[in-house]
There are 2 protein chains.
Amino acid sequence: MNLKELAAKLGLSPTTVSRALNGYPEVNEATRERVVSAARRHNYRPNARAIRLATGRALAVGHVIPLDTRSEIMNPIFSDFIAGSGEVYSRNGFDMLLSIVPDELEESTYRDLMSRGTVDGVIVHAPKTNDPRIRTLKDLGLPFVVHGRSTGADLDYNWVDVNNRRAFQRATEFLLDLGHRRIALVNGLEVMDFAVRRRIGHTDALHARGLEPELRLMSSTEMTEVNGWRAAEAALSQPEPATAFLCASMLQGMGVRRSIEGRGLKMGRDISVIIFDDDLSYLRNGEDVPIFTATRSSVKEAGKLAAEMLLAVINQPESPPQHRLLEAELILGQSTGPAPAF
Amino acid sequence: MNLKELAAKLGLSPTTVSRALNGYPEVNEATRERVVSAARRHNYRPNARAIRLATGRALAVGHVIPLDTRSEIMNPIFSDFIAGSGEVYSRNGFDMLLSIVPDELEESTYRDLMSRGTVDGVIVHAPKTNDPRIRTLKDLGLPFVVHGRSTGADLDYNWVDVNNRRAFQRATEFLLDLGHRRIALVNGLEVMDFAVRRRIGHTDALHARGLEPELRLMSSTEMTEVNGWRAAEAALSQPEPATAFLCASMLQGMGVRRSIEGRGLKMGRDISVIIFDDDLSYLRNGEDVPIFTATRSSVKEAGKLAAEMLLAVINQPESPPQHRLLEAELILGQSTGPAPAF
DNA sequence: TCATCTTGCCAAAACGGTTTTCACACCGGT
DNA sequence: ACCGGTGTGAAAACCGTTTTGGCAAGATGA
């Protein structure tokens, strides 16, 4: 059943039917009723392809997920992020398009999405420092929102981000207050912008107390359990081993815990651990009582906010760049305690 | 730059240009060259919206992810699955559309996708026993492939699945051979079809050795770390505690390990653990040496196969239903050993 | 009373491609 | 000279909407 057929059945022109259904004022209220009920009765759904062509809008937004071809690691936060944003899209009648592309094809993917008109805007995931995508997208004129920020980009752009620097600064201060002096940083890959910010927050806190960050206690890897374990093994087998760990993710934290317990030590008593908790739906940090002390910020919420921002930008392309900085909360779990006396 | 403009620039009709670019035979090879190079030079990309309308194809497939509104848990395997399928789509010029919808809206989502013509087919995720979606999709005539199977559906349909029954049967046999007699099953939610099959595999293996499955050692929950820990706590604090665990996922296995180590026991020596390993990119089971003994089957590979099957079905709608049953491999890790002597 | 607005509707033209139909030139064979 | 096939390209129809530009009838105002 298409518009023309429906119009014929009603003895009206397609124009009037279209207007009636889309709430235009120039149609008699009685007629509108008649049209709406007939549409419902015949189960009429306007063809999305035709609408898109006629209106020149894609009614869709793209999420381009870069896939590092070497590591092949999907960012595990990604599914929660789109769970948050997907809801916003469907509420607004937008489709969510996903492209998983190898790193090096990402720019051409944007160009393609733009010139073929498949999307009205995109979300940029996992920005690196000095990320070239921002420039590209600005030049293309494709509306976009970055999840995170990119240090070094001298342009202004839309973003939603967590205050990563502050979160790690606070976490470090917390450990220092507990008496820890040898704090290992188990960071994410520091090509990623968020990881750099986290390291800065950490070292800032150390400096503020007159301490020098120790390179031997810092690692920067992909945020997996195994890498967390490795980092902990390294930091714990030194002559002056770490007494506390600051981890960029729950998975790394779990790896650190494995290392601690594998040595017959007890997390929270012998060694303290703080993680950054993205509040992933399938990786909850305990239920009633948190397992890990953590700086927490929901990535699903970030997805929701980013999607809302993007839709706003699409509707108001000339509006000035928008920013949203979320603060992570510091929640107390069982994984931290006073530094053991020597 | 659109087709008409390009044609004008070349002094040709839009028809000829279209044909030249789409490889139709009735155009002079010299003309084609001229057209193709001009298209490249002017960076011409056909408008996807127009193509879709003209051809009546959506050039897109949908992945509808049901979101249980109570638990709000995203299935963690999902991101790897689409990493696999996404690659296939983009290689074939298809878009991947994601809808995250509350359980109860799922059917209407399919109806909508179909009647508005936004997709040419869909992948059905996380089938339950007797899943009503299969009937719905058959009736709608929308091509689909199920990731998994649905016991009880008397219709034939396209699916890609792992031999879950066999995997758990083999794992159980392996533990029995090691001398274990009290094996705890830490299963997924048994509304899910795959979980039922796994339980059957497990109990089949027990029966074959003349053993009765013990309900007190079986749990069926969402596959999270915390739930794994809980199940282990329960199974280990019984008067006759379990000596081995069979877990439906890596995360549950990690929870079980936490419980074991929290009791000062050692996994692999005191208590054996086997997991089902989906080979998730961000949850690798160790690197060189697997941490867990596991039945492994790559969910990313399954995504790839499902996508290929779906595209085939879309191109050949009248073909008979296709099936693909993958076998999980049993890999030996450090988490299993002979049952401790009493 | 006549010009001017509203109101409610319609026909036709977009949107940007594909596909079908048709015209024409050229060629070889009779 | 006629005919049929073939290679090449143009013109027109079509996909299913929205949008633009009328237009008749009735209401309003001077």
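Biologist: How much area does chain A expose, and what share of it do carbon and sulfur atoms supply?
Modeller: This is a predicted model: local features need pLDDT of at least 70, side-chain atom pairs count only at pLDDT 80 or more, and totals for chains, interfaces and linings use all residues. Residues are numbered from 1 along each chain as its sequence is written, chains are lettered from A and ligands numbered from 1 in written order, and side-chain values use heavy atoms, without hydrogens or water. By the Shrake-Rupley method (1.4 Å probe; for residues, only the protein chains shown count as cover), chain A exposes about 14,500 Å². The share from carbon and sulfur is 50%.

Biologist: What is the radius of gyration of chain A?
Modeller: The value is taken over C-alpha atoms, and the globule rule is 2.2 Å times the number of residues to the power 0.38. For 342 residues that rule gives 20 Å. Chain A is well over this, so it is more spread out than a compact globule, at 25 Å.

Biologist: What share of chain A counts as buried?
Modeller: Buried means under 20% relative accessible area (exposed is over 50%, partly exposed in between; 1.4 Å probe, protein chains only). Of the 342 residues in chain A, the buried share is 53%.

Biologist: How many residues has the largest nonpolar core?
Modeller: Such a core joins buried Ala, Val, Leu, Ile, Met, Phe, Trp, Tyr and Cys through side-chain atoms within 4.5 Å. Those with the most contacts inside it include Tyr89(A) and Phe245(B). The number of residues is 113.
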